[in-house]
Amino acid sequence: MSGRSDDEPTTRPQLSETELDQLFDAALKLKIGQPNVQKTKLESSVDQLNACLEGPLIGKALRLLIEIGSLEDSVLSPKALDVLESNQERLKKILNTDDSIVPTTLDAVETLIKFGNLQQQKKAKSTMKEGILRFSQRLDDPKITACAIDFIMQFGDKDTKNLARKKLTEIIHTQGVLTREPHGDYINGQELADNPLFSL
């Protein structure tokens, strides 16, 4: 028995990977304007995503919350944004690690900044500031460099942006990544043609 004694029965079974994939597809269909019968399932599943943020499927759950949070839907979007906001401390902990879901986590924070209400935006900007500070101290980590520079250039202050530009120049010189062949242009394995850093 757990020590929880909530009045509501919140012990619904956790979503499976297959269910998360199906819900993600449903969210994508809604985004491109395809009406589908899954909308009610999406609505009822948003609360269950909270539990997924504590388990091994956190990356997929965050991706789904990002998709739902950015929908032009007056019911679904606020629900997803509320789940993201209520997990700000969890997101901050992830940003302290070298975890592979750090980029997805910052995408989630960015979703709150872009689509949240004023309170959510304020909290998310504070979280983003912490993430940018940590990123600027980890620009030599090849796993996060491209993502770090991208977020720093979007949300960083003048000093961190200068640091990111300097690092980007260093990468371009040392890796010789700028060629005329688009599929030969890489920064840490990401094609420059599809990379927001390319505009720099």
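Which handedness does the crossing of α6 and α7 have, left or right? The crossing is left-handed. The legends below take this helix pair first, then move through other close-ups of the predicted model.

**View 1. Helices α6 and α7 cross at an oblique angle.** The two axes come within 9 Å. They cross at roughly 140°. That angle makes α6 oblique to α7, since only angles over 145 degrees would count as roughly antiparallel. Helix α6 brings Gln88, Leu91, Ile94 and Leu95 to the contact. Helix α7 brings Val102, Thr105, Leu106, Val109 and Leu112. By class, the contact of α6 with α7 holds 7 nonpolar and 2 polar residues. No charged residue takes part in the contact of α6 with α7.

**View 2. Thr105 is a buried residue of helix α7.** Helix α7 spans residues 102-115, and Thr105 lies in it. The relative accessibility of Thr105 is 0%, so the residue counts as buried. Which residues touch Thr105, once neighbours within four places in sequence are left aside? They are Leu62, Leu91, Ile94 and Leu95. Leu91, Ile94 and Leu95 also belong to the α6 side of the contact in View 1.

**View 3. Helices α8 and α9 form another left-handed crossing.** Helix α8 covers residues 118-136, and helix α9 covers residues 145-155. Their axes come within 10 Å and cross at roughly 130°. The pair is therefore oblique. The crossing of α8 and α9 is left-handed. On the α8 side, the contact residues are Met128, Ile132, Phe135 and Ser136. On the α9 side, they are Cys147, Ala148, Phe151, Ile152 and Phe155. The contact of α8 with α9 counts 8 nonpolar residues and 1 polar residue. Charged residues are absent from the contact of α8 with α9.

**View 4. Lys92 and Glu89 pair within helix α6.** A salt bridge joins Lys92 to Glu89. The closest N and O atoms are 3.6 Å apart. Both residues lie in helix α6, which covers residues 88-95. They sit 3 residues apart, about one turn of the helix. Are Lys92 and Glu89 buried or exposed? Lys92 has a relative accessible area of 19%, so Lys92 is buried, given that buried means under 20%. Glu89 has a relative accessible area of 53%, so Glu89 is exposed, given that exposed means over 50%.

**View 5. Arg134 and Glu130 pair within helix α8.** The side chains of Arg134 and Glu130 meet in a salt bridge, with N and O 3.1 Å apart. The two residues are 4 residues apart in helix α8, so about one helical turn separates them. Glu130 has 26% relative accessibility and therefore counts as partly exposed.

**View 6. Lys167 and Glu170 pair within helix α10.** A salt bridge links the side chains of Lys167 and Glu170, at 3.0 Å from N to O. Helix α10 covers residues 158-175. The partners are 3 residues apart in helix α10, so they are separated by about one helical turn. Lys167 is buried, with a relative accessible area of 11%. Glu170 is partly exposed, with a relative accessible area of 40%. Shared partners also build a salt-bridge network elsewhere: Glu89, Lys92, Glu130 and Arg134 are joined into one. That network takes in the residue pairs of View 4 and View 5. The count for the model comes to 12 salt bridges.

**View 7. Ala26 is a buried residue of helix α1.** Ala26 lies in helix α1, which covers residues 17-31. At 2% relative accessibility, Ala26 counts as buried. Lys41 lies 15 residues away from Ala26 along the chain. The C-alpha atoms of Ala26 and Lys41 are separated by 9.1 Å.

**View 8. The protein chain has 10 helices and 2 strands.** How are these elements ordered along the sequence? The pattern reads α-α-α-α-α-α-α-α-α-α-β-β. The protein chain has 200 residues, of which 43% count as buried. Consider contacts between residues at least 6 apart in sequence. Of these, 56% join residues at least 24 apart.

Methods: Residues numbered from 1 in each chain as written. Predicted model: local features only at pLDDT ≥ 70, side-chain atom pairs only at ≥ 80, totals over all residues. Heavy atoms only, no water. Axes fitted to C-alpha atoms, helices over the stretch in contact; angles between N-to-C directions. Parallel < 35°, antiparallel > 145°, perpendicular 65-115°, else oblique. Left-handed = near helix turned anticlockwise from the far one by under 90°. Contact = heavy atoms within 4.5 Å. Nonpolar A, V, L, I, M, F, W, Y, C, P; charged D, E, K, R; others polar. Buried < 20%, exposed > 50% of the residue type's maximum accessible area, 1.4 Å probe, protein only.
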